[in-house]
Amino acid sequence: MTRDTLALGIIGAGIMGERMLGVLSGPDADPDAGSVRVAGIWDPSEAAFARIAARYPAVPRLADADALIAASACVYVASPPASHLGYARRAAAAGRSLFLEKPLAVDVAEARRFVDEADIRGAVNFPFAAAPAVATLVRWIAEGVVGTPRRLTIAVAFAQWPRPWQADAVNWLDARAEGGFTREVISHFLFLARRLLGPLASLEGHADFPQAGRAERAIEATLSAGGVPVRLRGQVGGTDLADHNTWTLEGDAGTIRLRDWSIAERMGPDGHFVAAEDALPNDRARLIALRGQLDGVVRMAHGEPHPLATFAEALNVQEMVESLIAA
């Protein structure tokens, strides 16, 4: 049976909204993405609209959020985090399916109510759900490379925060209210822990906020994922790289890790990590993951099985993130 083309509307013309447009309408467009069309985009910022108009002149720019929702069958909410659920509720009330940017929200109580009440098709954008390197980790785990998991270590570091390519969003990305690397980056690796190991629980830790009103500059925490102990560390500084991260799973049979978003590695007998033969640089792997997420959006919107992060998974991640920020 042939599916109808999905009309996808985008709220938010920032980094993530523009990346999605690139997969659908730009030079990175997937030649097999004919099952989706861009219904339009809306952003309250005139500057963001002007940027989109210059780069994607054929994309409809709608007058407001309600016009965008009315024109769409599925709404991708790619606005700053505190606004996610407001737009989500408006889209849901209109009978639209939803694809929300992570984090689900910043208010945990509000997010719990939303997840409890939501009776719609929807998912949250954690690209590790469709990342090639994660598929390699899953295969290695299934093959017994790790054996019984014993511990997981997540470490992230940044030369500066926000990262240089996020400069246009510094007003909220470096604000304590809804920004910071814990929400924007750590959440991805907590999702990965939950997806591969199990529910997240028992978080203890602290976050350092040395500048009033600004986002955190360091975190330390312990928690568990499916009963496996997790150690979490993050900081601004300590690296010359814009963004450096490792997700390292140790077991009684061996150790594997994900490095710098896209490189799956396994530890050899000499104690050194060796990258998978098909490892890709992040710019190429990210494009594949975005296309995979888009395919998942189509499946989700049509009521078919999909790999995207569920609202329940995203809520569990948010609970851990906000507990750490509040500590």
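Ser 202 lies in strand S7, which covers residues 200-208. In this predicted model, the phi angle of Ser 202 is near 60°, a positive value in a residue other than glycine. Most residues other than glycine have a negative phi, and most peptide bonds are trans. Is Ser 202 buried or exposed? Its relative accessibility is 57%, and because exposed means over 50%, Ser 202 counts as exposed.

A second residue with a positive phi is Asp 260, whose value is near 50° and which is likewise not a glycine. Asp 260 is placed in the loop between strand S11 (255-259) and strand S12 (263-267). Its relative accessibility is 19%, and because buried means under 20%, Asp 260 counts as buried.

Two cis peptide bonds may be considered next. One joins Lys 102 and Pro 103, with omega at about -10°. Pro 103 belongs to the loop between strand S4 (97-101) and helix H5 (108-117). The other runs from Trp 161 to Pro 162, and its omega is near -5°. Pro 162 is located in the loop between S6 and H7.

From these local features the description turns to the whole protein. The protein contains ten helices and 13 strands. Its C-alpha atoms fill a box of roughly 55 × 50 × 40 Å, taken along the principal axes. For 327 residues, a compact globule would have a radius of gyration near 20 Å, and the 19 Å of this protein agrees with that. Of the 327 residues, 53% count as buried.

How are the strands arranged? Strands of a sheet pair through backbone hydrogen bonds, either parallel or antiparallel. Five strands form an open sheet in the order S2-S1-S3-S4-S5, and their pairing is parallel. Strand S2 (36-42) and strand S5 (122-125) stand at the edges with a single partner strand each, so one side of each is left without a neighbour in the sheet. From one strand to the next, the twist averages 20°. Within this order, strand S1 (residues 6-11) and strand S3 (residues 74-77) run parallel and are joined by four bridges. Leu 8 stands opposite Cys 74 in S3.

Further pairings involve strand S6, which spans residues 149-158. Eight bridges connect S6 to strand S10 (residues 244-251), and these two strands run antiparallel. In S10, His 244 is the bridge partner of Ala 157. S6 also pairs with strand S9 (residues 228-236), here in the parallel sense and over seven bridges. On that side, Ile 154 has Leu 232 in S9 as its bridge partner.

The remaining topic is the space between the atoms. Rolling a probe the size of a water molecule over the atoms shows where empty space is left. The largest pocket holds about 1,300 Å³ of space. Of the 50 residues that line the largest pocket, the closest to its centre are Ile 15, Met 16, Arg 19, Trp 165 and Gln 166. Several helices each supply at least two residues of this lining, among them helix H1 (15-25), helix H2 (46-55), helix H4 (84-93) and helix H6 (132-142). Helix H7 (170-173), helix H8 (181-197) and helix H9 (282-301) do so as well. Which helix gives the most to the lining of the largest pocket? H9 does, with five residues. By residue type, the lining of the largest pocket divides into 28 nonpolar, ten polar and twelve charged residues.

There is also one cavity of 30 Å³ or more. The largest cavity contains about 40 Å³ of space. Pro 103, which follows the cis bond from Lys 102, is one of the residues that line this cavity. The others in the lining are Leu 104, Phe 126, Arg 183, Ser 187, Ala 314, Val 317, Gln 318 and Val 321. H8 and helix H10 (311-326) each supply at least two residues of the cavity lining, and H10 gives the most, with four residues. Helix H8 thus appears in both linings, as it also supplies at least two residues to that of the largest pocket. The lining of the largest cavity divides into six nonpolar residues, two polar residues and one charged residue.

Notes. Residues are numbered from 1 along each chain as its sequence is written. This is a predicted model: local features need pLDDT of at least 70, side-chain atom pairs count only at pLDDT 80 or more; totals for chains, interfaces and linings use all residues. Side-chain values use heavy atoms; hydrogens and water are left out. Two strands pair if DSSP finds at least two bridges between them. Axes are lines fitted to C-alpha atoms, for helices over the stretch in contact, and angles run from 0 to 180 degrees between N-to-C directions. On a 1 Å grid over the protein atoms alone, a cavity is a set of points where a 1.4 Å probe fits but cannot get out, and a pocket is an open set with protein on both sides within 12 Å along at least five of seven lines; lining residues have an atom within 4 Å of a point. Grid points are joined across faces, edges and corners, and a volume is the space filled by probe spheres set on the points. Ala, Val, Leu, Ile, Met, Phe, Trp, Tyr, Cys and Pro count as nonpolar, Asp, Glu, Lys and Arg as charged, and the others, Gly among them, as polar. The radius of gyration is taken over C-alpha atoms; the globule rule is 2.2 Å times the number of residues to the power 0.38. Buried means under 20% relative accessible area, exposed over 50%, partly exposed in between (1.4 Å probe, protein chains only).
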